[in-house]
Amino acid sequence: MIDKILELVKPARKILILTHNNPDPDTIAAANGLKYIFYTVYKKRCTIAYDGLIGRAENRELVKECKIDMHKSKKLNFARYDTLILVDSQPTAGNVYIPDGYFPHIVIDHHNFRKATAKAQIYDIRNDIGSTSTIITEYIKTLGLNPDRYVSTALYYGIKTDTIGSGRNNSKADLEMMSFLLPKISLKKLSKIESPELPKYYFKNLKKAIENSEIIDDLIFCNLYEVRNADLIAETSDFLLRMRDIKWTFVIGYIDDMCYFSLRCKSLRKKVGLIALQIVRGLGTGGGHMKSAGGQISLNNKTYEEVVDILKKRILKKLGFDLNNTEVKNI
């Protein structure tokens, strides 16, 4: 696959690599790894772009420690680029900014295949692999390249956070690529990335999360209302899932005119990504993995309160809860 990708980009003058909105470590590392490949093989300079915010302290530290240059996609002129590549997302997923009239030439992702992706000239979609960084690392290994500690540390962390670190499934390929990268990473940088200093608003958000959470059987439903960045919603969902006797967490909040939600489950037997897609149908977009998922809904047609009410009813019905006969407790 990497040979086909290299053949396609060889004549390109300007390459734009897009991550999904509010980028996480996997999409950041995958984009950076792809940029490394193109520069090493063809000396081509690429632009990595994203929309939204790099919210989590760990993600900001990743960009800083691994010296990853990223730009806001809405500030770029897409017409300047003759090759557009999308990593860790797919067209119509609803979590990436691409102006009207443009479509990615190459799509690389590890989520479920979307029909629109078939329109790309080249696509590499592997939903049996735990992270997109694993796919990019395979490219690097296949080409016999020797990435430096910056690229290697980022890719290692990208794989780890999307598999082992998140409690999601990991494949044999994920573990093999982590083993390939391990001798090349900087343990000092990895330590700084994994244990960054946290801003005050992180702790204020935790306080708000506890105050606005309801325990419904083995589900925690948390309404964060307005949040500083979308990452706080997913981060809160992960944090609350650690509570004993809790199997599900659903956290929702909004930024400006966009509502975001995060759904988590401790069981591998539940298709959480499919559940997220089903409960958001007709409202917005959603999807994810076996144990974690999320979605986004525009608030242009409904108020935030209306969206919260609809999603709460849908998730309770989908999980088989009867709110009339189920005790609701505060944390």
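Colleague: What makes the sheet of seven strands an open one with mixed pairing, and in which order do its strands run?

Modeller: In this predicted model, the order is E11-E12-E10-E9-E8-E7-E13, and the pairing is mixed. Strand E11 (285-288) and strand E13 (328-330) stand at the edges with a single partner strand each, so each has one side without a neighbour in the sheet. On average, neighbouring strands are turned by 20° against each other, direction ignored.

Colleague: How do you know that strand E8 and strand E9 pair, and in which sense?

Modeller: Two strands pair if there are at least two bridges between them. Strand E8 (residues 219-226) and strand E9 (residues 248-255) have seven bridges, in the parallel sense, so they count as a pair. Cys222 stands opposite Val251 in E9.

Colleague: What does helix H9 touch when it packs on the sheet?

Modeller: Helix H9 (residues 231-240) touches E7, E8, E9 and strand E10 (258-265), and its direction makes about 25° with that of E10.

Colleague: Why are the buried residues of H6 said to line one face of the helix?

Modeller: The buried residues of helix H6 (residues 172-181) are Ala173, Asp174, Met177, Met178, Phe180 and Leu181. Seen down the axis of H6, they fall within an arc of 155°, so they line one face. Lys172 and Ser179, on the other side, are exposed, a word that requires over 50% relative accessible area. Helix H4 (132-142) and helix H5 (149-162) are among what covers the buried residues.

Colleague: Which residues touch the most other members of the largest nonpolar core?

Modeller: Of its 49 residues, these are Ile17, Leu34, Ile37 and Phe38. Helix H2 (residues 25-42) gives the largest share, eight residues.

Terms used. Residues numbered from 1 in each chain as written. Predicted model: local features only at pLDDT ≥ 70, side-chain atom pairs only at ≥ 80, totals over all residues. Heavy atoms only, no water. Core = buried A, V, L, I, M, F, W, Y, C linked by side-chain atoms within 4.5 Å. Buried < 20%, exposed > 50% of the residue type's maximum accessible area, 1.4 Å probe, protein only. Helix = DSSP H or I, 4+ residues; strand = E, 2+ residues; numbered from the N terminus. Arc of directions from axis to C-beta. Contact = heavy atoms within 4.5 Å. Axes fitted to C-alpha atoms, helices over the stretch in contact; angles between N-to-C directions.
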